[in-house]
Amino acid sequence: MFIAKVIGHVWATQKSRGLEGKKLLLVSRLKISDSKIALSRETLMAVCDKIDAGPGDYVLILDEGGSARSILEDKTAPVRTIVVGIVDQVECGSRIFEMRDGILEERGTR
Amino acid sequence: MKPARVAGRVMATRKDESLIGQRLLILRLTDWNGYESGDELVAVDAVGSGAGEFVFFVESRDASVALSSNPPVDAAIVGIIDGVALTEEPDGMDVYR
């Protein structure tokens, strides 16, 4: 799994049945290191079903088809990447970050 | 799921029987703004896409489950893109030091 920021979405009326009624979000993977945090240039599409995530949210992404299908409870969904949570806070190294409405702020250090 | 543009079609009368009846389309890989990256692959079409259309596809096992017959294929088109909205263009630079 990894953390990513939702930076957009895709709409597609003609799609596989397993994708019907699901949001198709575009996410950019967050790279967190002690020295810096960066959004990777590579943008991925993630299916979003029960989690109410939208542009600006920092989300937890699961990136494997078998697990995605069991979460979607649909053995035929042609899905690999799925949103499985919305991230509120990250503690990494000595730093604490809070994420709200697309804003990422440092909350002091541990 | 990755974006691509349908560039053409492959006809192969002699092929593995698991591919019989499958439409084989040539995909040019793009980014989510439609700019082509130069790479190409052949994918099975699961949603009736036509030449020039902006689509997205899945690979490996996810491609096989996209088709009811579960054929042994490694790439399948699973959606035709109507539109893409990007709120920001990540340039890989620091978000927060």
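## A tour of two chains

Among contacts in chain B between residues at least 6 apart in sequence, 50% join residues at least 24 apart. Keep that figure in mind as you load the model, which is a predicted one.

**Stop 1: chain B on its own**

Hide chain A and color chain B by secondary structure. You should find 1 helix and 7 strands. Trace chain B along its sequence and the elements come in the order β-β-β-β-α-β-β-β. Now switch to the C-alpha trace. Along its principal axes, chain B spans about 55 × 25 × 20 Å. Chain B has 97 residues, and 42% of them count as buried.

**Stop 2: chain A on its own**

Swap the chains. Chain A carries 1 helix and 8 strands. Its pattern along the sequence reads β-β-β-β-α-β-β-β-β. The C-alpha trace of chain A spans about 45 × 25 × 20 Å along the principal axes. Of its 110 residues, 53% count as buried. For contacts in chain A with a separation of 6 or more, residues 24 or more positions apart account for 48%.

**Stop 3: the helix of chain A**

Select residues 65–72 of chain A, which form helix α1. Show side chains. Which residues of this helix are buried? They are G65(A), A68(A), R69(A) and L72(A). Turn the view until you look down the axis of α1(A). The buried residues fall within an arc of 100 degrees, so they line one face of the helix. The spacing fits a general rule: an α-helix has 3.6 residues a turn, so residues three or four places apart point the same way.

What lies over the buried residues of α1(A)? Bring back chain B before you look. The cover from chain A includes β3 (37–48), β4 (58–63) and β5 (81–86). Chain B takes part too, through its α1 (60–65).

Next, go to the N-terminal end of α1(A). Select E64(A), which caps that end. Draw a distance from its side-chain oxygen to the backbone nitrogen of G66(A), and the viewer should give 2.9 Å.

**Stop 4: two loop residues with positive phi**

Move past the helix to E73(A), which follows α1(A). E73(A) sits in the loop between α1 and β5 of chain A. Its phi is near 55 degrees, a positive value in a residue other than glycine. Is E73(A) buried or exposed? E73(A) is exposed, at a relative accessible area of 67%.

Now jump to chain B and select N70(B). This residue lies in the loop between α1 and β5 of chain B. N70(B) is not a glycine, yet its phi is positive, about 45 degrees. Its relative accessibility is 40%, so N70(B) counts as partly exposed.

**Stop 5: the interface**

Show both chains and select residues in contact across them. You will pick up 29 residues of chain B and 42 residues of chain A. The area buried between the two chains is about 2,900 Å². Carbon and sulfur atoms give 58% of that area.

Turn on polar contacts. Across the interface there are 11 residue pairs in polar contact, both residues being at pLDDT 80 or more. Which elements of chain B supply at least two residues each to the side that touches chain A? They are β4 (54–59), α1, β5 (75–80), β6 (83–86) and β7 (94–96). Of these, β6(B) gives the most, with 4 residues. Color this side of chain B by residue class: 17 residues are nonpolar, 5 polar and 7 charged.

The interface also holds 2 salt bridges. One of them joins E88(B) and K5(A), with the closest N and O atoms 3.2 Å apart.

**Stop 6: K5(A)**

Finish by centering on K5(A). It belongs to strand β1 (residues 2–11) of chain A. How much of K5(A) is accessible, in relative area? The value is 9%. The cut-off for buried is under 20%, so K5(A) counts as buried.

Show what K5(A) touches, leaving out residues up to four places away in sequence. Within chain A you will find L26(A), V27(A), S28(A), L39(A), G56(A), D57(A), Y58(A) and G102(A). From chain B comes E88(B). The side chains of K5(A) and E88(B) make a polar contact at 3.2 Å.

Definitions and conventions:
Residues numbered from 1 in each chain as written. Chains lettered and ligands numbered in written order. Predicted model: local features only at pLDDT ≥ 70, side-chain atom pairs only at ≥ 80, totals over all residues. Heavy atoms only, no water. Buried < 20%, exposed > 50% of the residue type's maximum accessible area, 1.4 Å probe, protein only. Arc of directions from axis to C-beta. Contact = heavy atoms within 4.5 Å. Polar contact = N/O pair within 3.5 Å; in protein donor to acceptor, adjacent residues only side chain to side chain. Buried area = accessible area lost by both parts, 1.4 Å probe. Salt bridge = Lys/Arg side-chain N within 4 Å of Asp/Glu carboxyl O. Nonpolar A, V, L, I, M, F, W, Y, C, P; charged D, E, K, R; others polar.
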